[in-house]
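Colleague: I want a close look at one part of this protein. Start there and work outward, in short steps please.

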Amino acid sequence: MKFCVLMGSPRTQGNTAALLAPFLEECAALGIETENYSLYSRTVNPCLGCMTCQDCLDGPGCVQDDDFEELFQAVDSCDVMILATPIYSFFCTPPMKALLDRAIYAGTKNYGPVKGPKLLAGKRLASIATCGYPPEKGADLWEEGLKRWCRYGGVEYMGLFCRRDWGRGEPFMNEERAQAARDFARAIWMSIRAEEL
């Protein structure tokens, strides 16, 4: 089993990274292979809306020369994509938004002269997020966006794990949060194993 972890935080030692760490530890304990990509260390330009990708039915087909193709192939070769992001203005960070925009259009061939396949159909997606509000008010739009993205692309949505940052006066991580992150990894693993039986 292989997870592709796409980290959308600009802070390599921030809250999102802290919440992700026990998740990754549990993945290792379960024998899950993980590939980790920091989106802020990559170049993923915004979608140009040129629709050239729709003429290529067997791959992304994007005209831009940046890191998108490599990231798309990493997602395509995994069982589950894990989107780890802080919530900025009620949605993910800019590089993750750019990646999602390009992946859904380059990966879903609905707009060309010939209607083609959904290249990521059958993949799975889950998210780990942090926000400054209660998750039901701070990450609800992010989760709804993910659900719609998954439906459109034929991707199985496997859930959101989100915790609130209470501010500088209180440590972000504690054992309850670490255990909950480990439990989230195990729940994804168990769900996939159940489907395989």
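Colleague: Where is S89 found?

Modeller: This is a predicted model, so read everything below as computed from it. S89 is found in the loop between β3 and α3. Its backbone stands out: S89 has a positive phi of about 55°, yet it is not a glycine. Most residues other than glycine have a negative phi. Is S89 buried or exposed? Its relative accessibility is 68%, so S89 counts as exposed, the cut-off for that being over 50%.

M51 is another case of this kind. It has a positive phi of about 70° and is not a glycine either. M51 belongs to the loop between β2 and α2. With 44% relative accessibility, M51 counts as partly exposed.

Back to the loop between β3 and α3, which also holds F91. F91 has a relative accessible area of 24%, so it is partly exposed. Its ring pairs with that of W142. The centres are 5.1 Å apart and the planes meet at 85°, so the pair is edge-to-face. W142 sits in helix α5, so the pair ties together parts that are 51 residues apart in sequence. The two partners differ in exposure: W142 is at 0% relative accessibility and therefore counts as buried, while F91 is partly exposed. This is one of eight aromatic pairs in the structure. Elsewhere, F3, F23, F161 and F184 form one aromatic cluster.

W142 leads from the loop into the core. The largest nonpolar core has 34 residues, and W142 is among those with the most contacts inside it, along with L6 and W149. The elements that give two or more residues are β1 (2-7), α2 (68-76), β3 (80-86), α3 (94-106), β4 (124-131) and α5 (140-153). So β3 and α3, the two elements that flank our loop, are both on that list. The largest share, seven residues, comes from α3. A second, separate core has 25 residues, including I82, A126, F161 and A185. In soluble globular proteins, nonpolar side chains tend to be buried together.

What does L6 touch, beyond its neighbours within four places in sequence? Its contacts are Y37, L39, L71, V75, I82, L83, A84, M96 and L99. L71 and V75 in that list are buried residues of α2. F68, F72 and A74 are buried in α2 too. Viewed down the axis of α2, its buried residues fall within an arc of 160°, so they line one face of the helix. They pack against β1, β2 (33-38), β3 and α3. That brings us back to the two elements on either side of the starting loop.

Helix α3 also carries a charged contact. R102 of α3 pairs with D66, which lies in the loop between β2 and α2. The two form a salt bridge, with the closest N and O atoms 2.6 Å apart. They are 36 residues apart, and the pair links distant parts of the chain. Both D66 and R102 are buried.

That is one of the 11 salt bridges found in a search of the whole structure. Another joins E195 and R124, at 2.9 Å from N to O. E195 is in helix α6 (residues 175-196) and R124 in strand β4, 71 residues apart. Which end is buried and which partly exposed? R124 has a relative accessible area of 12%, so it is buried. E195 is at 40% relative accessibility, so it counts as partly exposed. R124 and E195 are also linked with E156 in a network of salt bridges. E175 and R182 meet in a further salt bridge, at 2.4 Å from N to O. R182 has a relative accessible area of 17%, so it is buried, since the cut-off is under 20%.

Arginines also sit over rings. The charged end of R164 lies over the ring of W166, 4.0 Å from its centre. For R177 the ring is that of F172, with the charged end 4.8 Å from the centre.

Key
Residues are numbered from 1 along each chain as its sequence is written. This is a predicted model: local features need pLDDT of at least 70, side-chain atom pairs count only at pLDDT 80 or more; totals for chains, interfaces and linings use all residues. Side-chain values use heavy atoms; hydrogens and water are left out. A nonpolar core is a set of buried Ala, Val, Leu, Ile, Met, Phe, Trp, Tyr and Cys residues joined through side-chain atoms within 4.5 Å. Buried means under 20% relative accessible area, exposed over 50%, partly exposed in between (1.4 Å probe, protein chains only). Helices (H or I, at least four residues) and strands (E, at least two) are DSSP runs, numbered from the N terminus. Contact means heavy atoms within 4.5 Å. Rings of Phe, Tyr and Trp (its six-membered ring) pair if their centres lie within 6.5 Å; planes under 30 degrees apart count as stacked, over 60 as edge-to-face and the rest as tilted. A charge sits over a ring if NZ of Lys or CZ of Arg is within 6 Å of the ring centre and within 35 degrees of the ring normal. The arc is that of the directions from the helix axis to the C-beta atoms. A salt bridge is a side-chain nitrogen of Lys or Arg within 4 Å of a carboxyl oxygen of Asp or Glu.
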